[in-house]
Amino acid sequence: MGKTTDSRDPGARPDPVRSFNRWKKKHRHKQSQKKQLRKQLKKPEWQVEREVISRLMQNYEKINVNEITRFSDFPLSKKTLKGLQEAQYRLVTEIQKQTIGLALQGKDVLGAAKTGSGKTLAFLVPVLEALYRLQWTSMDGLGVLIISPTRELAYQTFEVLRKVGKNHDFSAGLIIGGKDLKHEAERINNINILVCTPGRLLQHMDETICFHATNLQMLVLDEADRILDMGFADTMNAIIENLPKKRQTLLFSATQTKSVKDLARLSLKNPEYIWVHEKAKYSTPATLEQNYIVCELQQKISVLYSFLRSHLKKKSIVFFSSCKEVQYLYRVFCRLRPGISILALHGRQQQMRRMEVYNEFVHKRAAVLFATDIAARGLDFPAVNWVLQFDCPEDANTYIHRAGRTARYKEDGEALLILLPSEEKGMVQQLLQKKVPVKEIKINPEKLIDVQKKLESFLAQDRDLKERAQRCFVSYIRSVYLMKDKEIFDVSKLPIPEYALSLGLAVAPRVRFLQRMQKLQPTTEQVVSQDNEVIEPRAPSLTSDEVEEFRAYFNEKMSILQKGGKRPEETEYRLDDGISDEEKEDEEGMEEKLAKAKGSQPQCVRSDEGSQKTKEVPVQFLDRDEEEEEDGLDADFFKVKRHNVFGLNLKENKTSQKKEPSKSRLKKKVTKVAEAKKVMKRNFKVNKKITFTDEGELVQQWPQVQKSVSKETEEEDDAGGINLDKAKERLQEEDKFDKEEYRKKIKAKHREKRLKEREARREANKKQAKVKDEEEAFLDWSDDDDDNGFDPSTLPDPDKYRSSEESDSEDLENKTSDTKKKQGMRKRNNREVEDVGPTGQNRKKSKWETLEPVDTGLSLAEDEELVLHLLRSQS
Ligand SMILES: Nc1ncnc2c1ncn2[C@@H]1O[C@H](COP(=O)(O)OP(=O)(O)OP(=O)(O)O)[C@@H](O)[C@H]1O
């Protein structure tokens, strides 16, 4: 037996056999690795990639959610992992952990999780992997569609996609409207991942010839419940019609929809429903502190001002219910100078401005953003400390989304809700039902700064601001009036005059729909029923026929609006903002119908019901909410769902949807002429603009006085309504008159011009003649110097010039022909002179050749003496 080495003995030598075996194993492993590497090197890249993909796909089935803590625990492509790492995303959040695996396996997913919990990455990672798996190229066209309810959210998602997917070769595009459609259309076909808003997408589907989605692999709906709600329904239906049925669908939101009807519409196949915080105690982030205060409507502006004054170093978002409130209060607060920078974001701004504001607020440390609910969903502004809900949200879901703009991803935040006494009970109840922990806090009256007087003085100085205040007033009242939950929102409980004062308005503008509503209600405060029971006054009840009629009317109107009657882009704004002006007008039309049905006549006169942006007689129609269109096409923001405005549930009544409304039910289209007639009958007088001339004469600048018609006729016409035939005649006469005037003016102008030209020519001729004479005189003088002689022919002919001057002054009317004649004559004379008379040098010679006797005036003897003297001097 040979001696074996004791390994425990430090001095002992290692066993050579074992060492050799170990070396041999290592060597073999290295060799096999090298072999494999060599083999791989020989393989084309696509094959290597394919093998990697097949390995990843094999691992999809092995994903164990409980073992996952990092993104790298998922079988993800190197390119995606690198992108995630570079963007500092390593650990997964709960929603990411639960949904990414399912999505990778190709399942349809409905993901719901609290705000700020990382839902964006939960769908962006599977998006990238889906196209990677299929080795998608730009030649394959559109592979993934991500639809967001607002432009800002779409933009934000696109930015995250760019960051995380930068190592992939896919092309991604952002289509959100507000840009040139043609420009987008040229590029849209090369896009693999399209992030868009519903309206703009539908517009491309309708108008961009080569745009199609036949190859689509995945559809993602971010903030799905918002997209699937009533406002977006028709647009989404139209989009989905254009998408292939065989696709994967992912739906994400903080407040999820479970409506079977919606899901069927999206053709989801056995969707996995993941609500990570379903069992959580609260539905809002644990790091979010939530409070509410109750204050009177007229106090709200002062409360906001006082709040801002005491939070100057914070970043806050203040939510309002309409664009016009934002527009007015933004301007007013800028003037109040609270000591913090104020920004405004609403749907009426141009797209560029919206983006600017968004980016500006992202980068600010301390600022306050006045916003409508376009900023309520999904926006991830970093480090927001406070969310203040100035106006009560329409429901608990909207509250959750608004409040969720703070306390995002492990950060702290505070939310404050301002409630009116009439809103408190209903809203707090709703919030508690939705597991939102809100506590009431009180305002410290000592810290409250009253700004009403300042606002009044601003409005006294600035008419534009005053008009904005009026619009803000009407807009707010209308928003309350249109709220679906009548338990919470009761417009009749609003202190209207006090609210107007708080905005700085001395007089509350007339709100027509309120007046109409009051008319519809019984005059007595309470009605006593047959059983002597006291009944609270309610909205007038309708017969079932009337309900049917209104329902049919709405369905018809909506399909007209959303399918063909309106540009899709506008539809998008409507969707973003809830309800468009046209729709509001439709509602008003319905109100009129309602009034008629109840036997009361509507009081208003529409100036143009057919057009979306109606220009109306000011002040009287302020409550029409007629828009100044300051920032483009966007519609006003009302978050209210139309079908609830009149308490009608359109969605659920299938029979009525199928029912074709008769023509008589459609609102009769009123022509502009008819409208004009109506207005004229009301005898509105147009304002006159009169100015004084320097001489103190009155000049009417507007409306222009008709010159062709005598005063009596005018007065006669003014007395009655409008006579179209007469008006036409009058216009024709005025036209003739104007033409005649114009002709006269032109004639006078031409005459003046001719005279000027003649004058100029005469001057030129004079100068020419003078120059010539001077020249001739000069030459003669030079000759004379030499010759000491004098030629009288060199003198200008006074007769010649006198005659021309005389003729010029004689008759101005025949000037042109005369002048021409004279010029011609003069030319001829000159020529004659040139021909006959000697020029300088010719004369020099001819003087000596043709010796004519010269009368010197001397005696003969003196002459002789002179000649001799000359001859002597010459010799
Ligand atoms: N895994 C992660 N690691 C680190 N940060 C993350 C991670 N996932 C998301 N975040 C960050 O958390 C924040 C919120 O993410 P995101 O916007 O996706 O939330 P959300 O759930 O979509 O919110 P909302 O419901 O409001 O739309 C973002 O700033 C994002 O960068």
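Biologist: Helices (H or I, at least four residues) and strands (E, at least two) are DSSP runs, numbered from the N terminus. How many helices and strands does the protein have?

Modeller: This is a predicted model, in which local features need pLDDT of at least 70, side-chain atom pairs count only at pLDDT 80 or more, and totals for chains, interfaces and linings use all residues. Residues are numbered from 1 along each chain as its sequence is written. In this model the protein has 31 helices and 18 strands.

Biologist: What percentage of the residues of the protein count as buried?

Modeller: A residue is buried if 20 or more other C-beta atoms, placed from the backbone, lie within 10 Å of its own, exposed if 12 or fewer, and partly exposed in between. The protein has 875 residues, and the share that counts as buried is 34%.

Biologist: Which helix gives the most residues to the largest nonpolar core?

Modeller: A nonpolar core is a set of buried Ala, Val, Leu, Ile, Met, Phe, Trp, Tyr and Cys residues joined through C-beta atoms within 7 Å. The largest one has 143 residues, and Val220, Val318 and Phe370 have the most contacts inside it. With 10 residues, spanning its share of positions 119-133, the greatest contributor to this core is helix α5.

Biologist: Which residues does Val220 touch, not counting those up to four places away in sequence?

Modeller: Two residues are in contact if their C-beta atoms lie within 7 Å. Val220 is among the residues with the most contacts inside the largest core. Leaving out residues up to four places away in sequence, Val220 touches Phe123, Val127, Val144, Leu145, Ile146, Ile147 and Leu250.

Biologist: Which residues come nearest to the ligand?

Modeller: A residue is near a molecule if its C-beta atom lies within 6 Å of it. The shell around the ligand takes its largest share, 3 residues, from α5. Of the 19 residues around the ligand, those that come nearest are Gly118, Lys119, Thr120, Gly378 and Tyr409.

Biologist: How many residues of the shell around the ligand are charged?

Modeller: Ala, Val, Leu, Ile, Met, Phe, Trp, Tyr, Cys and Pro count as nonpolar, Asp, Glu, Lys and Arg as charged, and the others, Gly among them, as polar. In the shell around the ligand, 7 residues are nonpolar and 9 are polar, while the number of charged residues is 3.

Biologist: What is the strand order of the open sheet of 7 strands?

Modeller: Two strands pair if DSSP finds at least two bridges between them. The pairing in this sheet is parallel. The edge strands β10 (342-345) and β14 (439-440) each pair on one side only. The order is β10-β11-β9-β12-β13-β8-β14.

Biologist: Within that sheet, which residue is the bridge partner of Trp386 in β13?

Modeller: Strand β12 (residues 386-389) pairs in the parallel sense with strand β9 (residues 315-319) over 4 bridges, and Ser316 has Trp386 as its bridge partner in β12. Another 4 bridges join β12 to strand β13 (residues 413-419), again in parallel. In β13, the partner of Trp386 is Glu414.

Biologist: Are the residues on the two faces of β12 buried or exposed?

Modeller: In a regular strand the side chains alternate between the two faces of the sheet. In β12, Trp386 and Leu388 lie on one side, with Val387 and Gln389 on the other. Both faces are covered, and all four named residues are buried.

Biologist: Which residue of β4 is the bridge partner of Leu174?

Modeller: Strand β4 (residues 193-196) runs parallel to strand β2 (residues 144-147), joined by 4 bridges, and Leu145 has Leu194 as its partner there. Strand β3 (residues 172-175) is also parallel to β4, joined by 4 bridges. In β4, the partner of Leu174 is Val195.

Biologist: Why does Asn270 count as exposed?

Modeller: Asn270 lies in the loop between α11 (260-265) and β7 (272-275), and has a positive phi near 35°. Asn270 is exposed because the number of other C-beta atoms within 10 Å is 6.

Biologist: Is Ala407 buried or exposed?

Modeller: Most residues other than glycine have a negative phi. Ala407, in the loop between α15 (396-403) and β13, has a positive phi of about 55°. With 25 other C-beta atoms within 10 Å, Ala407 is buried.
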